[in-house]
Structure formats: C-alpha cells, structure tokens
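Here are a few exercises to work through with the model open in your viewer. Try each task before reading its solution.

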Amino acid sequence: MANVIVIGAQWGDEGKGKITDLLGRSADVVVRYQGGVNAGHTIVVKDETFKLHLIPSGILYPETQCIIGSGTVIDPKLLIEELDRLEQLNISTDNLSIAETSHVTMPYHRLLDKASEERRGNYKIGTTGRGIGPTYADKSERTGIRILDLMDPDGLQEQLTWTINYKNVILEKLYDIPPLDPKEVIEEYLGYAERLRPYVVDTSLKIYEAIQERRNILFEGAQGTLLDLDHGTYPFVTSSNPVAGGACVGTGLGPTMIDRVIGVAKAYTTRVGEGPFPTEIQGKVGELLCHAGAEFGTTTGRQRRCGWFDAVIGRYAVRINGLDCLAITKLDVLDQFEEIKVCVAYEIDGERCEHFPNNSRRFASCRPIYQTFKGWEQSTSDCRSWEDLPQEAKDYLKFLAELMEVPIAIVSLGANRDQTIILEDPIHGPKRALLHPDGTPASLLSV
C-alpha cells in the first residue's frame, strides 16, 4: 500500500495529467485536493484526447475510485458539463465522489473575478476569470456556499438571498455591473444540486476508510509549486495551496499517512499569465519551444511563456514539497536544439544567488546564470528505455538529477501513455535518494 502525492514542481502545466494517469494504473483511489476549473489536465490515450478540469485523471480507469476533495472549489455548471462529456464518450462516472464540504463557485464570483482583474490595469495578476479567487476569498471570509448547502433547499434559499443581495451592492456600486436576480440563481443551483446529489459524500471519511483497507491512493493537485498562495511568486499566484502540504489540508488526511511525494517538471520551463520569469526566452527560440511543445493552456487556450530549465526553482520545489523523485516531461521538445541551457543560479545586484528569493521585486531582478549543453538533435519520441536515449540526452538528465539532488523516476517523451521511460517504480521505490560513499546523491540515472 502507498499513499502518493503528485506535485507540479514549476508554475503548473508540467504534464501532471499524463503522469497522474500513468500512475493511476497502480492506484485504487485518485483524489483531487485543491484548485478549481482554472486548471486543466490533458490526457492522450491512443487517438483520444481527454481534457479534465475538476474530475481526477483516474476516471479513465473503470475500477478506480475518484474523489474531489474539500480543498477544491467546484463550479457545478462546468462540473456537470464535464460529467456529460465523459458519459458521451462511454466513460463511467459511477465511481466519482464529491466532498460535501467543498466550496461552490457562484455567478457573482465569476463577475467579480473578471471585473477586479480589469480594474487592476497594469497591475493585473493574470487570473483565468473563472471565479476561483473570489470563491476562496468567501471561504476565508466564512460567507461561502458549500456543496452540502446546495443539498438543503430551504437553507440555500435563505443563505443565498442574503449573500446575493450583498454581492449586488459591490457589483453595482463598485463595478457598475447589473445585479443578479436571487430567485434565478437559487433555482439554477438547486437544479445542479439534484444532478450532483448522488456523488456527494463525506470524502475525508471515505479516504480514511480506503487507507484502513490498505488501498493505494494517489493525490493530484492543480497548478504548481511556484503558484502556491503561501510559497509561490506572490502576488502572481493561485488562491490555494498546490504544494504537498495542501494535499493533507484539502482532503482531511493526516501528514503521517503520506508515503511518497513525486514532483513533475518539464525539461524546460513555462509560465502562463503575469509575473517574473527569469529564464523566459524572447524571440525565435522561445517561439520554437512554444510551438514544438504545443504550449497553450488547457483551460484558457492562452499561449504559455517559455524558457530554459530553472534549477533554482526546481531545488526550491524539492525543499518545499519534500520530493522523493521527479518525473521529467516533454524531453522530446528539446530534440531539435543544437544547444540547451540550464539555469544553475541567479545573479542579483552583482551577487550569485542559488536560492529562490521570496521578495517579488528581487525575484524580478534576477538574471539567470546558465550552463550550456550540447543538444542531441535527433528524435527521442520512440525511445522506450534509458539505453535508447542519445548520450547527450542522458547527460542532460543526469545533470538535472544531480543539480536537483533528487532521482528521476520517469521520463516522458510525448503525450501518449506509451511514450514514457520508467527508471524507477515511482509508487513503491526508495523513500529517499541514497548517498554514495563520497556524499553525492545517488541518481537512479547512473544505475
């Protein structure tokens, strides 16, 4: 039995969907623990492409239990659309459970999200406009609507009547937006409640019972470490905690029940939205990375900003999450480059810095210090073992593992499930990287 968390080790969009789907073969339960419809996981199975926003990636395995935890915020309308799409593809959703304590995204959340972002002007954050931030804000303010409130028509009507009238004042007076009709909203959401009612349970208890039955549980989040509300590039972050600790809070699970944490990172770096990005590449090379990697957001379609691999934020992700191993994705995107760079440190005010700075202004002033590698300039998309990889690709991966001080367990070379090299069993492998006698980290790549 193993309880494993899958973490994005960069700014999100690392390919967690594929890795979670891959690991889902060994999981009895897959749990989503934070975020909302502002995130998306793209999974390719043979010729079919599945884009999931709220439902855990494990839904593609008929026997796997899938749980949306309490740390996730749910837009009922979009969740139902996702359920409908899966059912049209003959994918059963009978094994899905939704936390009764998860919070609900309402129409006023979406309106406030878009209006406040527009009002920021040059200080915009880069929100998706899906209402995620305002939903979490209401949760913290203790005025939020939870899934269990949807299940109580009388209580919902009383609560929403007051809340919508309160939000209407803000919409009208501050943003000049027409008010919402409480009756229409209540009627709409009561309809959603009936559709979702069969899925709603105490998911914390359900997860605990699965642990007692010694079942394998996989925890997946949205976004990535550098978008964490507390530990990311604030204020250019999401409104929840994608880091490993968020999995415990977002599911109602004690930290002593977690066995392993797996980080997912691209072989380069991308970021969507606003905020500092030291290794961002402008011009032809950046465009080449973007198009070769199909770097467009699953949720919004926005073009992602692209840059070389940043080992500073990588080491930070290892530390913040307590990573046991890494999955490196999209190595094949680098196939065409004559030379490849890795940021090993930053220069700030003329001084070398090897650690992530918390101050956003200081971070914005970072200049990357690169180490350059010879590219392999040949296709790796058909490689299925370590031996198949070009020597230059092996050297590149070895360097990343040694620099990050954590072993690489998985290398992904394309979107399909079979375009993957497994170097270590990421579920049942060693708890921590061992050390060689000379004190250097033991990389599985050197085996």
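**Exercise 1. Size up the contact between the two domains.**

Task: work out how much area is buried between domain 1 and domain 2, and what share carbon and sulfur atoms give.

Solution. Keep in mind that this is a predicted model. Start with the number: about 1100 Å² is buried between domain 1 and domain 2, with 56% coming from carbon and sulfur atoms. Next, see who pays for it on one side: Asn38, Ser239 and Glu274 account for 38% of what domain 1 buries against domain 2, more than any other three residues do. Then place the partners in the chain: domain 1 comes in two stretches, 2-70 and 205-422, while domain 2 covers 103-198. Their C-alpha centres sit 31 Å apart. Counting residues in the contact gives 16 from domain 1 and 11 from domain 2.

**Exercise 2. Look at the chemistry across that contact.**

Task: find how many salt bridges and how many polar contacts link domain 1 and domain 2.

Solution. Salt bridges first: zero between domain 1 and domain 2. Polar contacts come next, and two residue pairs qualify, both at pLDDT 80 or more. Now check the make-up of the domain 1 side that touches domain 2: 10 polar residues, four nonpolar and two charged.

**Exercise 3. Track down a salt bridge.**

Task: which residue pairs with Arg260 in a salt bridge, and where do the two partners lie?

Solution. The model has 19 salt bridges in total, using a 4 Å cut-off from nitrogen to oxygen. In one of them, Arg260 meets Glu424, with 2.5 Å from N to O. Placing the partners, Arg260 belongs to strand β11 (residues 260-266) and Glu424 to the segment after β20 (420-422), so to speak a link between distant parts of the chain, 164 residues apart.

**Exercise 4. Check the annotated positions.**

Task: what is the largest C-alpha distance among the positions that UniProt lists as "binding site"?

Solution. The unreviewed UniProt entry gives Asp13 and Gly40 under that heading. They spread over 28 residues of sequence, yet cluster in space, with a largest C-alpha distance of 8.2 Å. As for its setting, Asp13 is in the loop between β1 (3-8) and α1 (16-23).

**Exercise 5. Hunt for backbone oddities.**

Task: where is the cis peptide bond, and which residue that is not a glycine has a positive phi?

Solution. Recall the background: most peptide bonds are trans, and most residues other than glycine have a negative phi. The cis bond joins Tyr234 and Pro235, with omega about 10 degrees. Pro235 falls in the loop between β10 (217-220) and α9 (244-249). The positive phi, about 65 degrees, belongs to Arg142, which is in the loop between α4 (132-141) and α5 (147-150).

Methods: Residues numbered from 1 in each chain as written. Predicted model: local features only at pLDDT ≥ 70, side-chain atom pairs only at ≥ 80, totals over all residues. Heavy atoms only, no water. Domains from an automatic or database assignment. Contact = heavy atoms within 4.5 Å. Buried area = accessible area lost by both parts, 1.4 Å probe. Salt bridge = Lys/Arg side-chain N within 4 Å of Asp/Glu carboxyl O. Polar contact = N/O pair within 3.5 Å; in protein donor to acceptor, adjacent residues only side chain to side chain. Nonpolar A, V, L, I, M, F, W, Y, C, P; charged D, E, K, R; others polar. UniProt positions renumbered as here; feature names shortened; annotations may be inferred. Helix = DSSP H or I, 4+ residues; strand = E, 2+ residues; numbered from the N terminus.
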